[in-house]
Number of protein chains: 2
Amino acid sequence: MKDVAHDLNVSVVTVSKALRDQSDISLATKKRILKRARELNYQPNWIARSLVSGRTHTIGLVVPDLMYSFFAEVAKGLTEKLRPFRYQVLISISEEDPTLEREEIDLLLARRVDGLVLASAQPPTSPGLFRTIEERKVPYVLIDRKILGLKANYVGVDDEKIGEMATEHLITCGCRAIAHISGPKIGTAVGRLAGYRLALERHSRLAPASLVVRGGSEDDGGYQAMRRLLRLKHPPDGVFCFNDPVAAGAVKAVLEAGLRIPQDIALVGVGNVHYSDQLRVPLSTVDQSSAQVGRNAAELLLRLIEKRTRGTRAILLPPRLIVRDSSLRNGAVRTPAQE
Amino acid sequence: MKDVAHDLNVSVVTVSKALRDQSDISLATKKRILKRARELNYQPNWIARSLVSGRTHTIGLVVPDLMYSFFAEVAKGLTEKLRPFRYQVLISISEEDPTLEREEIDLLLARRVDGLVLASAQPPTSPGLFRTIEERKVPYVLIDRKILGLKANYVGVDDEKIGEMATEHLITCGCRAIAHISGPKIGTAVGRLAGYRLALERHSRLAPASLVVRGGSEDDGGYQAMRRLLRLKHPPDGVFCFNDPVAAGAVKAVLEAGLRIPQDIALVGVGNVHYSDQLRVPLSTVDQSSAQVGRNAAELLLRLIEKRTRGTRAILLPPRLIVRDSSLRNGAVRTPAQE
DNA sequence: ATCCTCAACTTAAGCGTTTACGTAATCGCT
DNA sequence: AGCGATTACGTAAACGCTTAAGTTGAGGAT
């Protein structure tokens, strides 16, 4: 900028104005400046700009893991929606570790991100971290995982409804004893479990404690959990799994035991990961419209940043049941492809 | 910082020194300053720091798509290795679109990233973009996809060797007619195809043009390509697929046609995506050690940034063959689990 | 007492922008 | 001719921090 100004015998301010297309300038000099700037292939320094404007045009995304395709898809939806506004995304992986997450968020705040999107690994009852974010007055949107007792912007899927939907479906499939392989101790797992219970109660059924086992969030957890269920005196004939990887692990255990899916045991997962269709047994699942979560988070955040929207909003996206082979029995209807 | 300085009747510079643990300061005042800073919960402003230091402690990662788990894994390896050095990653998704990619890179440069990691969607023969990056003197590392005629730092897997390895394996499996479902027109696809040809020639076999069909990079492409192969007068009994999703699509087509895998047709993919094991037919594949690519790129970049290493380096990681059910015949040996 | 040295500070300048305000010249109107 | 309004520019200050170059006072050696 200095060079351009010097070459053309104008002040730096004039150049700045020309580049930002301000009114306070004549057409002639504007053209001269733009021309010279292009010649020198000048590139504005966003760092300096940020320093004075207080805006970085950057938002931080904190997820526990990118391998779980849900978060990759969220990231995609987010960047996509942000792109037209020239916002970019700083990504942090918390590895499901609250301490690490805190450090990463501190770093993001030090970088003065304009907003945060968090799939937090904090225990669902500890709002401490979020207070400090609020103190810094950085708008943030929680995704996927709600923090209890925290009034915050949130975008996610209604986990209780997911649990209900999956369980109702298994009931429709004629399952008599429906088990649940539950997830880690985070909000989503709690909601899905609650939905499971709710659906059973509505049909006046019991959810015997022995049929609810913990399976974690990965396939091996599902495998182990399913083996435990199979060893029961009265094993289930329908299983609602915390997510698709867990369900895939469960499938493995069932097949190993020489049982048939869905005839002997019907299974439903959650997440509709994009390979669900290609699995050994194509997996029935509840879709969480992951990309939509990212897009909604982006919109919400932009509103918070630009227009200073007041109040907090919680957006709950409706889950969608997708029926494939793993629960296709007793009059259940397969969801048409293209999913 | 100003507040701290004022409260303690010292200058801002003194505070700055204390915070950065410089020698030029007494222990007593340092302690006072740190204490007061904590009380006011002061947070350094990295933007300002960047402006004077010329360093942002930020690196840009540009990938075509996060859904393809290879890139998600690279991102993970990268952030992991960068974390101890307090570098963070700005992520950009190019959607495989060269123009979009250019814009995103321009933005990253305007943000003054300290380095770039690129899985470029540029046509493999056009080094134009990279010249402009070099002009800006920002170090960059290419990953996964090489640009022909460009002397640049590169980390990737030896694609030719991948093709060789997979094809050799199919030969070992006793396949007589080995087809290849090739990928999009990017460097990796070319290398894998070349490896395929090389292996066949070494065994004095022909690679009839009809057995090399284009399949793209997604499952549907693989599905369509496999159907074309099955309609041939002499269909293949072994297929080397560009990647795992393509292979999964091919599996679907084969099973639909009522053929058995691997007895009638053996299949090998590339990538070892983490669900390969859970597929309808567990998939033999060539592993690209994705996370390692990310980690190596990080190390290389750090050296370029910090120590100003001279010269360009190309790191080629060795591929690893993983044998699962989809090619388990004729004396092939299954690779033990844990992969 | 004088000079030097060193430790512990401060002052001044600058990183590349933007914002708020100031000023000179031109214009139209009475 | 004189007035205010308008246009097109320039000046000064600031954003929060760092670096380089002083300045001060105490202590040690002579």
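Leu229(B) lies in helix α10 of chain B, which covers residues 219-230. In this predicted model, Leu229(B) counts as buried because 24 C-beta neighbours lie inside 10 Å, and the cut-off for buried is 20 or more. The points below start from this residue and go on to the chains, their contacts and the DNA strands.

**Two buried residues**

- Apart from neighbours within four places in sequence, Leu229(B) is in contact with Ala179(B), Val213(B), Pro235(B), Pro236(B) and Val239(B).
- Leu229(B) and Leu40(B) are 189 residues apart along the chain, and their C-alpha atoms are separated by 70 Å.
- In chain A, Ile143(A) sits in strand β4, residues 140-143.
- Ile143(A) is buried, since 28 other C-beta atoms lie within 10 Å.
- The contacts of Ile143(A), leaving aside neighbours within four places in sequence, include Val74(A), Val117(A), Leu118(A) and Ala119(A). Val155(A), Gly156(A), Val293(A) and Ala297(A) are also in contact with Ile143(A).
- From Ile143(A) to Ala250(A) the distance is 27 Å, C-alpha to C-alpha, with their positions 107 residues apart in sequence.

**Chain A as a whole**

- Chain A contains twelve helices and twelve strands.
- Its 339 residues have a radius of gyration of 26 Å, whereas a compact globule with that number of residues would be near 20 Å.
- Along the principal axes, the C-alpha atoms of chain A fill a box of roughly 90 × 40 × 30 Å.
- In chain A, 50% of the residues count as buried.
- Among contacts in chain A with a separation of 6 or more, 72% are between residues 24 or more positions apart.

**Nonpolar cores**

- The largest nonpolar core has 88 residues, and the members that touch the most others are Ala250(A), Leu267(A), Ala250(B) and Leu267(B).
- Not counting residues up to four places away in sequence, Leu267(B) touches ten residues, among them Val239(B), Cys241(B), Ala247(B), Ala250(B) and Val251(B). Ile261(B), Leu283(B), Ser284(B), Ser326(B) and Ser327(B) are also touched by Leu267(B).
- A second core, separate from this one, has 82 residues, including Ile59(A), Ala119(A), Phe130(A) and Leu300(B).

**Where chain A meets chain B**

- Contacts between the chains involve 36 residues of chain B and 36 residues of chain A.
- On the chain B side, α4, α5 (69-82), β2 (88-93) and α6 (98-110) each supply at least two residues.
- By class, that side of chain B has 19 nonpolar, ten polar and seven charged residues.
- Strand β2 of chain A, residues 88-93, runs antiparallel to β2(B), and three bridges join the two.
- Ile91(A) has Val89(B) as its bridge partner in β2(B).

**Surfaces near the DNA**

- DNA strand D is surrounded by 22 residues, of which Ser11(A), Ser26(A), Met1(B), Ser16(B) and Ala48(B) are the closest.
- In both chain A and chain B, α2 (12-19) and α4 (46-53) each supply at least two residues of the surface near DNA strand D.
- The largest share of this surface near DNA strand D is five residues, from α4(B).
- The surface near DNA strand D consists of twelve nonpolar, seven polar and three charged residues.
- DNA strand C is also surrounded by 22 residues, and the closest are Met1(A), Ser16(A), Asn45(A), Ser11(B) and Ser26(B).
- For the surface near DNA strand C, the largest share is five residues, from α4(A).
- By class, the surface near DNA strand C has twelve nonpolar, seven polar and three charged residues.

**Backbone exceptions**

- Most residues other than glycine have a negative phi, and most peptide bonds are trans.
- The peptide bond from Ile261(A) to Pro262(A) is cis, with omega near 5 degrees. Pro262(A) is in the loop between α11 (244-256) and β9 (266-270) of chain A.
- A cis peptide bond also joins Ile261(B) and Pro262(B), with omega about 5 degrees. Pro262(B) is in the loop between α11 (244-256) and β9 (266-270) of chain B.
- Asn9(A), in the loop between α1 (2-8) and α2 of chain A, is not a glycine but has a positive phi near 55 degrees.
- Asn9(A) is exposed, because 7 other C-beta atoms lie within 10 Å and the cut-off for exposed is 12 or fewer.
- His57(B) has a positive phi of about 55 degrees and is found in the loop between α4 and β1 (58-63) of chain B.
- With 19 other C-beta atoms within 10 Å, His57(B) is partly exposed.

Conventions: Residues are numbered from 1 along each chain as its sequence is written. Chains are lettered from A and ligands numbered from 1 in the order in which they are written. This is a predicted model: local features need pLDDT of at least 70, side-chain atom pairs count only at pLDDT 80 or more; totals for chains, interfaces and linings use all residues. A residue is near a molecule or strand if its C-beta atom, placed from the backbone, lies within 6 Å of it. Helices (H or I, at least four residues) and strands (E, at least two) are DSSP runs, numbered from the N terminus. Ala, Val, Leu, Ile, Met, Phe, Trp, Tyr, Cys and Pro count as nonpolar, Asp, Glu, Lys and Arg as charged, and the others, Gly among them, as polar. The radius of gyration is taken over C-alpha atoms; the globule rule is 2.2 Å times the number of residues to the power 0.38. Two residues are in contact if their C-beta atoms, placed from the backbone, lie within 7 Å. Two strands pair if DSSP finds at least two bridges between them. A nonpolar core is a set of buried Ala, Val, Leu, Ile, Met, Phe, Trp, Tyr and Cys residues joined through C-beta atoms within 7 Å.
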